[in-house]
Amino acid sequence: MRKFEKSVKLNNVCYDIRGPVMDEANRMIARGEEILKLNIGNPAPFGFRAPDSLIEIMSGNLTNTEGYSDSKGIVSAREAIKKYDEKKNIPNVTIDDIYTGNGVSELITLSMQGLLDYGDEILVPSPDYPLWTASVTLAGGTAVHYICDEESNWYPDVKDIERKITPRTKGIVVINPNNPTGALYPKDILEEIVKLARMHDLIIFADEIYDRLVMDGKKHTSIASLAPDLVCITYNGLSKSHLIAGYRVGWMSISGDKSQAKGYIEGIKLLSSMRLCSNVPAQSLIAPALEMMGETEKLVAPGGRVYQQRECIVNLINDIPGVSVVKPEAAFYCFPKLDVKKFNIHDDERFALDVLRKKKILFTHGGGFHWETPDHFRIVYLPEMEVLKKAGESLKEFLADYKQAD
Ligand code: PLP
């Protein structure tokens with residue numbers, strides 16, 4: 001090992017925002033080429049605007065949010081989160097159990113840092129939102145990937161989870177609604193996961209940042225609501241539901257039987273106070289935003305942008321010979337499957353590079369989400385329908401005669 005690097009292996013993490021495909025896209029952009037970025041769930045560049053009222057509230061609060069706040073966050077924000085958690089039936093959360101963060105991202109990293117010793121294992125879905133694997137790895141732990149099954153709407157394969165539990169397993173990550181598949185998990189699957197967590201004494205890490213972006217009249221169930229006797233940490237934020245990813249505002253709530261995790265919670269408190277606090281002007285948006293769901297609901301209702309774009313992308317993808325996709329029920333991602341035999345694909349990163357160079361469309365390959373077989377890629381369907389249609393046509397044209405070189 002070299003002196004100036006950690007001993008953990010940091011390759012193959014966070015490929016939606018870094019890695020060789022991203023590097024090539026950046027070189028092309030530097031040469032003046034225009035790239036259609038379907039690789040990152042950032043609504044603002046695609047014309048999604050935050051509600052004006054939220055911007056006014058934050059600007060109005062700039063002068064009284066100049067100082068550090070309590071390291072967990074301002075009381076009005078945490079009270080609003082507590083109320084929201086109550087609405088989701090998340091049990092036993094006081095404002096002392098709530099921590100605001102500079103996005104959910106910061107809190108994911110912090111909660112892994114506070115828990116893991118070298119060799120500890122955390123069950124993480126495959127495909128995953130890669131920050132989870134990166135955070136487990138950086139904290140010295142081992143991410144053990146459990147399969148989400150495309151044949152069953154991308155729901156977690158509970159038998160696979162069970163097979164992968166060992167005496168070193170400390171917790172399980174459940175991303176629901178899911179990035180990258182867009183799946184929304186039914187209550188019975190969540191109950192089965194809770195049963196396993198109960199049997200093996202696991203903490204549940206519930207990433208629910210897309211819980212307000214659910215389509216088709218479906219209802220999101222918070223897994224913490226099914227686990228009052230376990231320790232559960234639920235993550236949420238405003239980046240996606242309120243289209244303010246750049247303001248960096250998220251939170252986590254520790255629920256259930258916290259008496260089992262006193263030492264861990266002390267560690268979380270310490271880490272939280274070490275970063276002093278999260279962005280205070282952005283915290284001032286939490287209470288009003290959680291009272292202001294109308295715009296979000298419109299986006300995912302029939303006729304709303306996210307809903308219409310989902311319909312559009314699913315039709316476009318399923319119309320391409322050799323490609324298929326499970327219709328997502330939430331968020332703004334889908335995870336299409338490629339017929340690897342037809343296209344001779346043996347390297348999905350190579351596939352993403354080939355599409356980028358030839359068609360100037362940037363996707364993240366399935367491997368970037370810790371999906372082992374080279375047969376998937378993720379599409380972020382945030383662009384307007386006209387742009388999506390062009391991208392769909394372009395991909396169809398590309399695949400019409402694509403055979404990956406041996
Ligand atoms: N969790 C999931 C599943 C995500 O998809 C994302 C962002 O794409 C995050 C967490 C991070 O969100 P934030 O902007 O709150 O850091």
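**Ligand shell and overall fold of the predicted model**

The residues that make up the shell around the ligand divide into six nonpolar, four polar and three charged. The model is a predicted one, and the shell described here comprises 13 residues, of which Val104, Ser105, Asp207, Tyr210 and Ser239 come nearest to the ligand. Among the secondary-structure elements, helix α4, spanning residues 103–113, gives the most to this shell, contributing three residues.

Several side chains place polar atoms at short range from oxygen atoms of the ligand, within the 3.5 Å cut-off applied to polar contacts. A polar side-chain atom of Tyr210 lies 2.6 Å from a ligand oxygen, and an N or O atom in the side chain of Ser239 is likewise 2.6 Å from an oxygen atom of the ligand, while for Arg248 the distance between a polar side-chain atom and a ligand oxygen is 2.8 Å. Taken alone, the ligand exposes 400 Å², and 94% of that area is buried by the protein.

With regard to the protein as a whole, the secondary structure comes to 15 helices and 15 strands, and the C-alpha atoms fill a box of roughly 60 × 50 × 50 Å along the principal axes. The radius of gyration is 21 Å, which agrees with the value near 22 Å that a compact globule of 406 residues would have. Of these 406 residues, 60% count as buried, and the accessible surface comes to about 17300 Å², with 52% belonging to carbon and sulfur atoms. Among contacts with a separation of 6 or more, residues 24 or more positions apart account for 75%.

Terms used
Residues are numbered from 1 along each chain as its sequence is written. This is a predicted model: local features need pLDDT of at least 70, side-chain atom pairs count only at pLDDT 80 or more; totals for chains, interfaces and linings use all residues. Side-chain values use heavy atoms; hydrogens and water are left out. A residue is near a molecule or strand if one of its heavy atoms lies within 4 Å of it. A polar contact is a pair of N or O atoms within 3.5 Å; within protein, one must be able to donate a hydrogen and the other to accept it, and residues adjacent in sequence count only if both atoms are side-chain atoms. Accessible areas come from the Shrake-Rupley method with a 1.4 Å probe; for residues, only the protein chains shown count as cover. Helices (H or I, at least four residues) and strands (E, at least two) are DSSP runs, numbered from the N terminus. Ala, Val, Leu, Ile, Met, Phe, Trp, Tyr, Cys and Pro count as nonpolar, Asp, Glu, Lys and Arg as charged, and the others, Gly among them, as polar. The radius of gyration is taken over C-alpha atoms; the globule rule is 2.2 Å times the number of residues to the power 0.38. Buried means under 20% relative accessible area, exposed over 50%, partly exposed in between (1.4 Å probe, protein chains only). Contact means heavy atoms within 4.5 Å.
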